[in-house]
Amino acid sequence: MVDAVIADFGMRNAEFPILVSFPLPASAHRPDVEVAAQLRAAGFVRAQIDGELVRLDADEVEQRVRASKDVLVIVDRIDAVETNRSRLADAIATAFSEGEGVALALNNGDRRRFSEHPACSACGCAAPVLTPTLFSFNNPRGACPSCNGFGAVLEYDESLIVPDPGRSLAKGALDPWTKPRYDGRRRLLRETARARGIDLDAPWREIPARDRQFLLRNKGRYLGIFPFLERLEEKRYKQYIRVFLRQYQLAKTCPSCAGARLKPESLAVRVAGKTIAEAAALTATELDRWLAELQLPAFQQQVADHILGELRARVGFVNDVGLGYLTLDRQTRTLSGGEAQRIALSNALGSHLVDTLYVLDEPSIGLHPADMDRLLMLLRRLASGGNTVVVVEHDPAAMRAADWMVELGPASGAAGGQLVYQGPALAVREAGTLTGQYLSGEKLIGVPSARRPAARWLDVKGARLHNLAGVDARIPLGTLTAVTGVSGSGKSTLVHDVLFRQLEARLRGGHTAKQHLGEPVGVVKDLKGWEALEDVVCIDQKPIGRTPRSNPVTYVKAFDELRALFANEALARARGYAPSTFSFNVAGGRCEACEGAGHVLIEMVFLANVFVPCEVCGGARFKRDVLDVKLQGFSIAQALEWTVDEAIKRLHRHPRLARCLWHLQQVGLGYLQLGQPATTLSGGEAQRLKIARELAHAGSSRRGSGKRKLYILDEPTTGLHLDDVRVLCRVLDRLVDAGHTVVVIEHNLDVIKRADWVIDLGPGAGAQGGRVVAAGTPEEVAQVNESATGRYLKDLA
């Protein structure tokens, strides 16, 4: 403040001294105290009352002080020059102290107001103190009060209330009132419609707009659907009401903060013309450029030097891990697993720790080969900084870059768990292990001698969502198509959010996207060739079950056959056991003490709950009488402990059961136990289980039936060893050979080079991507110089 006073008044009116003063605070106006006398006692001699300078010992000054609304007490009269800096500082400090944080500088009619409290210098309107929490939407001090920092508010939406405009009122166009409990509402709707002459059998879209608005928003004896739902808000304390209402609400941009998630006071602060919300909306690459070009005044630059250095370093780490296309305000739940892991990696790089052990589980997930070199360089930087980096990885490039390798095997499941090699990574090639054979080239996944020809095509025209702006793509039916591109180029958006949702809507009459929970649905100008398809199936890596009661044999419908075999044993027939007796999911043969779970829950109140084995069945899940029934000398509990491979050897004479298990074996899951809880399966295992079930369905259908399914798989090689990738390629070929179409989103070059058709998106990520760079056979894509994938296919295709 001293600098400001000297610079301002000293330059403009050097010949006039300045008066350092403070406004008489409201707390000084007390009826039992003489204000002027009190000020004189404190050492003050003069005051400016309504613009007139008076002495505090003058006649009738007390009355003037009490009656005036503008009383400025003079602290000192001093020239605004550098030699008076110390005296000026003392005067200002006194003014702040006596004026409750407010001081004024007067100079020949000019006045400047200074305040220790954030406030408008023109009107005195108070402002909050600028602290980091003011700029956090996770803190009440900074969060927008209208949306509580979410950036969106929930509003009832007509598209969710009327999900199918082609449906009539008689057939349930108004979805909330189709529920059984609202029979009275449906009856009133019919009566009202007849009274107003509204056709109950006409499609909703053909009802006149005026009548539609009446049915939706009327308030009266007939309560429209919107007022009806809003009235139910009073009962939100009931869980089922909250769940019911949430189905018809969409998250829409908050009108108060326009999605910025912060208070107006927070957004009033700008740095180089940008609010914090505008800066957070930049991608990491754009933010890095903005920070590099940021010009601040000398004093502000000095204050911000350390902050800017740390910020530039952290943004640089995000760019270094290949996530420069992400905006800083991107929600974490929208990130893929690979992106989330690389964010954690950038955080580790920014911590500058030493003598630390970093463990990374497949950091190459979701990474294009073009990004792998950058990732490996960063891991090397961590190690070079005095840390130890342990990586669980299947990528050949990562294995070749390692200093030391530990290989477990020789197979999976019970046949694994042994140390088959440890030593220098490059020496594994001579060790003869399974991994070494692939790295040395002794084993490899070959390129097919011929690509499958396409008789029909699925044409996507004008796909739009996120960074896709009118993309056209062609997919040959009856083939294996790989959709490739760098991370963030729009692969999942095109295949899942556009193609899958559009096919669902056409083939099933509606899509399964939970739009009220933010799941997006892309649009297309046209979609041709979908009539040749019977269904579309997305085989993802989501768990097949959320409870331990689900297991591989129940998922592929093999448990029904296994229970039938036990029920057919002599002892079972003599006791009148049915197949359901051998199920742990229904009463009858299961242990009722644990209800077939094999364990019981003990609530620890203030600690985490604990599961302990059931004391009655000892974890066997069945009653003792049921366990007396043996199949080849094994009880049902023991049979569920068999691996798939063991079960096939023992039960190969039972074709229906063996066929179901054979499909599990063919997708490389022969090591799984029949009764292994679904909650213990990895994402890759769950995905291959789904493929096995689809293979079973495909095998039971006839190839000449005409219509086939389109299968979508998003990075099915995640978590797979090179030998497992070979098995996966064989499985995908089987699906295609059965007449189906398979579309995979993939970075693995061994899968891409075996595809019949490749669609490469790019050329970059985010706004730099979203268009088809190349399309054709792997050999044709390899010839496109702009294609990042093509450059890596040149040596393989």
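**Helix 15**

I looked up the burial pattern of helix 15 in this predicted model and found Pro369, Asp371, Met372, Leu375, Leu376, Leu378, Leu379 and Leu382 buried. Viewed down the axis of helix 15, these buried residues fall within an arc of 160 degrees, so they line one face of the helix. I recalled the general background: an α-helix has 3.6 residues a turn, so residues three or four places apart point the same way. On the other side of helix 15, I noted Asp373 and Ser384 as exposed.

I then checked the length of helix 15, which runs over residues 369-384. Its 16 residues, at 1.5 Å a residue, should span 22 Å, and the end C-alpha atoms are 23 Å apart, which agrees. After helix 15 comes Gly386, with a positive phi near 90 degrees.

**Helix 12**

I made a similar check on helix 12 (residues 284-293), where the buried residues are Ala284, Leu287, Trp290 and Leu291. They cover an arc of only 120 degrees around the axis, which puts them on the same side of helix 12. Ala292 and Glu293 are exposed on the other side of helix 12. I asked what the buried residues of helix 12 pack against. Their partners are helix 11 (276-280) and helix 13 (298-320).

**Nonpolar cores**

I next looked up the largest nonpolar core, which has 80 residues. Those with the most contacts inside this core are Leu562, Phe582, Ile636, Leu661, Leu674, Ile691 and Val742. Helix 27 (residues 722-737) gives the most to this core, with nine residues. Apart from this core lies another, of 33 residues, and I recorded Leu287, Leu308, Leu382 and Ala398 among them. Leu287 is one of the buried residues of helix 12, and Leu382 is one of those of helix 15. As general background, nonpolar side chains in soluble globular proteins tend to be buried together.

For Leu562 I listed the contacts, leaving aside neighbours within four places in sequence: Leu631, Ile636, Leu640, Leu651, Leu657 and Leu674.

**Ile225**

I found Ile225 in helix 8 (residues 225-232). Ile225 counts as buried because its relative accessibility is 0%. Beyond its neighbours within four places in sequence, Ile225 is in contact with Ile161, Pro176, Trp177, Leu215 and Leu216. I noted that Ile225 and Ile161 are 64 residues apart in sequence and 8.3 Å apart in space, C-alpha to C-alpha.

**Ser787 and Val773**

I located Ser787 in the loop between helix 29 (778-781) and helix 30 (788-793). With 0% relative accessibility, Ser787 counts as buried. I found a polar contact of 2.5 Å between the side chains of Ser787 and Asp760. Outside its neighbours within four places in sequence, Ser787 is in contact with Asp760, Val773, Ala774 and Val781.

I followed this to Val773, which sits in strand 23 (residues 771-776). Val773 has 12% relative accessibility and counts as buried. Again leaving aside neighbours within four places in sequence, I listed contacts of Val773 with Asp760, Leu761, Gly762, Pro763, Val784, Glu786 and Ser787. By contrast, I found Val773 and Leu419 to be 44 Å apart in space, C-alpha to C-alpha, at 354 residues apart in sequence.

**Cis peptide bonds**

I recorded a cis peptide bond between Gly762 and Pro763, with omega about 0 degrees. Pro763 is in the loop between strand 22 (757-762) and strand 23. I recorded a cis peptide bond between Gly409 and Pro410 as well, with omega about 5 degrees. Pro410 lies in the loop between strand 11 (404-409) and strand 12 (418-424).

**Positive phi outside glycine**

His466, a residue other than glycine, has a positive phi near 55 degrees. I placed His466 in the loop between strand 13 (457-465) and strand 14 (468-476). Glu715 has a positive phi of about 50 degrees, although not a glycine, and lies in the loop between strand 20 (708-714) and helix 27. Are these residues buried or exposed? His466, at 59% relative accessibility, counts as exposed, whereas Glu715, at 16%, counts as buried.

**Cysteines**

I asked why Cys614 and Cys617 do not form a bond. Their sulfurs are 3.7 Å apart, too far for a bond, since a disulfide requires sulfur atoms within 2.5 Å. For each of the two, the other holds the closest cysteine sulfur. The count of disulfides comes to zero. I noted Cys614 as buried at 3% relative accessibility and Cys617 as buried at 13%.

Technical notes
Residues are numbered from 1 along each chain as its sequence is written. This is a predicted model: local features need pLDDT of at least 70, side-chain atom pairs count only at pLDDT 80 or more; totals for chains, interfaces and linings use all residues. Side-chain values use heavy atoms; hydrogens and water are left out. Helices (H or I, at least four residues) and strands (E, at least two) are DSSP runs, numbered from the N terminus. Buried means under 20% relative accessible area, exposed over 50%, partly exposed in between (1.4 Å probe, protein chains only). A polar contact is a pair of N or O atoms within 3.5 Å; within protein, one must be able to donate a hydrogen and the other to accept it, and residues adjacent in sequence count only if both atoms are side-chain atoms. Contact means heavy atoms within 4.5 Å. The expected span of a helix is 1.5 Å times one less than its number of residues. The arc is that of the directions from the helix axis to the C-beta atoms. A nonpolar core is a set of buried Ala, Val, Leu, Ile, Met, Phe, Trp, Tyr and Cys residues joined through side-chain atoms within 4.5 Å.
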